[in-house]
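I opened this model to look up its enclosed spaces, one helix and one strand residue. My entries follow the structure.

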Amino acid sequence: MEDIKCCVTSCEKPLDAAYWEAQYETKATGWDLGKISPPLQTYIDTIENKNIAILIPGCGNSYEAEYLLEQGFTNISVIDIAPTLVNVLKEKFKNNPNIQIILGDFFEHQGKYDLIIEQTFFCALPPTMRQKYVGKMHQLLADEGKLAGLLFNRTFEISPPFGGSKEEYETLFAAAFDFLKMDVCLNSIAPRANSELFFELKKNNKVSVNLYEFEGITCIGCMKSVTKKFAAIDGIVNVSMSSDFAEVLIVSKNEIPVTALQNAISYDEKYQVKKIS
């Protein structure tokens, strides 16, 4: 299972820009396959329009982008937070006008894309950021845009990577996206056999997806009570709270006023909800 190890340094450190920069500086990139993963290659081979706008977040060594360029795709953007890596990529692709290399925080990135490719980015994020991930993906995709790629269908004793399950992902992405596919990969590399899900989601452009800060919850029982209160509000179609209870993602037919959300939880004065701009 060597290829799915993420790092060799302590994973108790914050998973910030300095952390990932250190991984590339020391070449502690055990997750790197050295080539495009077979499920993504198979998926890319089915895409007919070579001019769609494609984003690859947490791009790493960008084998997927390299393959896209080889197949004639013309509008590719990749983003990563590690300067050492980005400098390498800028040199590697310096003569190719069909790719944009971006150094930055994905969650601050702005743009519109027809396709976002997921490959070892989701699993590198702390699980507390999963609601933020869903909200940002929905924001960055064009109205008919798709999010596609790979998710781990297992857990890990040492993280990152952070795993999960099909059931968890279906709950997480519900209502914000239409599920086109989410199945166990049949062509994963041998060490990852039966541990990867290939998924393809289409943005639901008929809903409002908003992320809120939340204060006051300290246990799962309280979290379940609060999410139930929110879910009962007319127009809300999905509620998902982060594992540290600090953020809540609300998918609704129309944006719900913060006052309505606050009123729903007013039975406990310590509960406070605030929209994240």
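The entries below cover cavities, then a helix, then a serine.

The model is predicted, so I kept local features only at pLDDT of at least 70 and side-chain atom pairs only at pLDDT 80 or more, while totals for chains, interfaces and linings use all residues. Residues are numbered from 1 along each chain as its sequence is written, and side-chain values use heavy atoms, with hydrogens and water left out.

Cavities. I looked for sets of points on a 1 Å grid over the protein atoms alone where a 1.4 Å probe fits but cannot get out. I found 2 cavities of 30 Å³ or more. The second largest has a volume of about 60 Å³, volume being the space filled by probe spheres set on points joined across faces, edges and corners.

I listed its lining (residues with an atom within 4 Å of a point). Glu 118, Gln 119, Thr 120, Phe 122, Cys 123, Leu 150, Leu 151, Phe 152, Arg 192 and Glu 196 form this lining. Strand 5 (residues 141-152) gives the largest share, 3 residues; strands are DSSP runs of E, at least two residues, and helices runs of H or I, at least four, numbered from the N terminus.

Helix 4. I checked residues 83-92 for buried positions (under 20% relative accessible area, 1.4 Å probe, protein chains only) and noted Leu 85, Val 86 and Leu 89. They lie on the same side of helix 4 because they cover an arc of only 95 degrees around the axis, taken from the directions from the helix axis to the C-beta atoms.

Ser 77. I placed Ser 77 in strand 2 (residues 76-80). Ser 77 is buried, at a relative accessible area of 4%. Beyond its neighbours within four places in sequence, Ser 77 has contacts (heavy atoms within 4.5 Å) with Ile 54, Leu 55, Ile 56, Gln 100, Ile 102 and Tyr 113.

Note on methods. 1 Å grid on protein atoms, 1.4 Å probe; cavity = no way out; pocket = protein on both sides within 12 Å on 5 of 7 lines; lining within 4 Å. Buried < 20%, exposed > 50% of the residue type's maximum accessible area, 1.4 Å probe, protein only.
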